[in-house]
Amino acid sequence: MLRSTYAIVHLDAIDDNIRLARSRIRPDTKLLAVIKANAYGHGLVAVGTHLDKNPDVAMFGVALCEEGVSLREHGVQKPILILGVTDDAHFDAVVQNELTPAVFSPEHVYALAAACRRTGKSASAHLKIDTGMHRIGVIDEQMLSDVLDAFDACPMVTLSGIFTHFAKSENDPAFTALQAERFDRAVALTKARGYSPIVHAANSGAILGQTDYSYDMVRLGIAMYGCHPDGVSTRESGLKPAMSLVTHISNLKKLPAGEGISYGQKFVTVRDTVVATLPIGYGDGYKRCLTGKTDVLIGGKRCPQIGTICMDQLMVDVTDMPDAAIGDEAILLGTQGDEMILADDLADLCGTISYEILLSISERVPRIYP
């Protein structure tokens, strides 16, 4: 039994966005699909198993060892890169599941090598270079040399990749170029030591940008799900939103002017008003900060949300929809008729980014894959 509130994930839209990204990079450049954080809310296993069969995807990117293990347990075969920090205690699972961790210190390499000895299996790793993001990564040439010395001393660990992350690729070409220059120096020093890793730097902003930073591989994240990282150009970018958030009218009532609605009674009717209740709220990830700011699509028209959004329910003014009935479909994110509500639209109203809107949709909202 499914709730009358659910998210529809359009896997064909994800495929289309991948094809668009491929058209923006060189034919011989590989593409890594970033499916961390439950595939940006779209479903880690469903998206991973679907893209495991997509020939345009060469590798997956996750944030945690646990995400990679879950993919392996569900039969995903393609290489999986752990983009974040892996705790030493997880390196045995990394090796056993043939995951590829990011490393950026000699201690990481030695810990991974120790796990190889314990499990009797070899491993590969990608070397993370910090060129300006300043989260994790090798920060200078001495540190780089020390990490490469560790690889030299650990033949069971292959340095199979080297990468960096652009901090402002969607809107600052000058700083992105500076990061690329720093990265190129690190790559050159690594290759001078005899290593031939796969090189990657471009994220969604760089892929969709005007300058080619394809290298050997690119990493497609938010754009794969239909959102442009600059939060502005989704409608003009050719990307297709991959998620719709759907519910249905659960109750209708007619109120006279002067009636307050929901917690705090902050909204008061100024006319005879038909109020529709929808069984969705901030407990489902539809943010309370949207209160009184957004619309819901019903019957192909925009209907204003009224009253404080509750944990499990919210109210909508359908006075101008005389045919509205209990059970009618309501779209909070997606397309109905000629109208569309984007994650970027909701993000602008909340003062955040599309990433957070998508990831906020909670696990109690069923995902449907038509």
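# Exercises on a predicted model

Leu71 lies in helix α4, which spans residues 65–73. The structure used in these exercises is a predicted model.

**Exercise 1. Decide whether Leu71 is buried or exposed, and list what it contacts.**

Step 1. The relative accessibility of Leu71 is 0%. Buried means under 20% relative accessible area, so Leu71 counts as buried.

Step 2. Neighbours within four places in sequence are set aside; Leu71 is then in contact with Ile35, Leu44, Val45, Gly48, Val62, Val76 and Ile80.

Step 3. For a distance across the chain, take Ala174: Leu71 and Ala174 are 103 residues apart in sequence, and their C-alpha atoms are 37 Å apart in space.

**Exercise 2. Describe the overall make-up of the protein chain: its helices and strands, its box, its buried share and its contacts.**

Step 1. The protein chain has 12 helices and 20 strands.

Step 2. Along the principal axes, the C-alpha atoms fill a box of roughly 80 × 45 × 35 Å.

Step 3. The protein chain has 370 residues, and 54% of them are buried. The exposed surface comes to about 15,800 Å², of which carbon and sulfur atoms supply 52%.

Step 4. Among contacts with a separation of 6 or more, 66% join residues 24 or more positions apart.

**Exercise 3. Find which residues of helix α2 have a positive phi without being glycine, and give the accessibility of each.**

Step 1. Asn38 is in helix α2. Its phi is positive, about 60 degrees, although Asn38 is not a glycine.

Step 2. Tyr40 is also found in helix α2. Phi of Tyr40 is near 55 degrees, again a positive value in a residue other than glycine.

Step 3. Asn38 is partly exposed, with a relative accessible area of 27%, whereas Tyr40 counts as buried at 7% relative accessibility.

**Exercise 4. Locate Gly43 and identify its contacts.**

Step 1. Gly43 sits in the loop between α2 and α3, the latter covering 44–51.

Step 2. Gly43 has 9% relative accessibility and therefore counts as buried.

Step 3. With neighbours within four places in sequence left aside, the contacts of Gly43 are Asn38, Gly48 and Tyr369. Gly48 is also on the contact list of Leu71.

Step 4. Gly43 and Pro366 are 323 residues apart in sequence, yet 9.9 Å apart in space from C-alpha to C-alpha.

**Exercise 5. Place Thr176 and state what it touches.**

Step 1. Thr176 belongs to helix α8, residues 173–192.

Step 2. The relative accessible area of Thr176 is 2%, so Thr176 is buried.

Step 3. Residues up to four places away in sequence are not counted; Thr176 then touches Phe166, Lys168, Ser169 and Tyr213.

**Exercise 6. Explain why the buried residues of helix α11 lie on the same side of α11.**

Step 1. Helix α11 runs over residues 343–350, and its buried residues are Ala343, Asp344, Leu346, Ala347 and Cys350.

Step 2. These residues cover an arc of only 160 degrees around the axis, which puts them on the same side of α11.

Step 3. The general rule is that an α-helix has 3.6 residues a turn, so residues three or four places apart point the same way.

Step 4. Gly351 follows α11 and has a positive phi, near 70 degrees.

**Exercise 7. Characterise the largest cavity: its volume, its lining and the classes of the lining residues.**

Step 1. A search of the whole structure finds one cavity of 30 Å³ or more. The largest cavity holds about 60 Å³ of space.

Step 2. The lining of the largest cavity consists of Leu245, Gly285, Tyr286, Lys287, Leu290, Leu333, Leu346, Ile357 and Ile361. Leu346 is one of the buried residues of α11.

Step 3. By class, this lining has seven nonpolar residues, one polar and one charged.

**Exercise 8. Characterise the largest pocket and name the helices that contribute to its lining.**

Step 1. The largest pocket contains about 760 Å³ of space. It is lined by 36 residues, and those closest to its centre are Lys36, Tyr40, Arg135, His165 and Tyr355.

Step 2. At least two residues of the lining come from each of α2 (36–40), α9 (204–208), α11 and α12 (354–360).

Step 3. The lining of the largest pocket divides into 17 nonpolar, 11 polar and eight charged residues.

Step 4. Tyr40, among the residues closest to the pocket centre, is the α2 residue with a positive phi near 55 degrees from Exercise 3.

How values were computed
Residues are numbered from 1 along each chain as its sequence is written. This is a predicted model: local features need pLDDT of at least 70, side-chain atom pairs count only at pLDDT 80 or more; totals for chains, interfaces and linings use all residues. Side-chain values use heavy atoms; hydrogens and water are left out. Buried means under 20% relative accessible area, exposed over 50%, partly exposed in between (1.4 Å probe, protein chains only). Helices (H or I, at least four residues) and strands (E, at least two) are DSSP runs, numbered from the N terminus. The arc is that of the directions from the helix axis to the C-beta atoms. On a 1 Å grid over the protein atoms alone, a cavity is a set of points where a 1.4 Å probe fits but cannot get out, and a pocket is an open set with protein on both sides within 12 Å along at least five of seven lines; lining residues have an atom within 4 Å of a point. Grid points are joined across faces, edges and corners, and a volume is the space filled by probe spheres set on the points. Ala, Val, Leu, Ile, Met, Phe, Trp, Tyr, Cys and Pro count as nonpolar, Asp, Glu, Lys and Arg as charged, and the others, Gly among them, as polar. Contact means heavy atoms within 4.5 Å. Accessible areas come from the Shrake-Rupley method with a 1.4 Å probe; for residues, only the protein chains shown count as cover.
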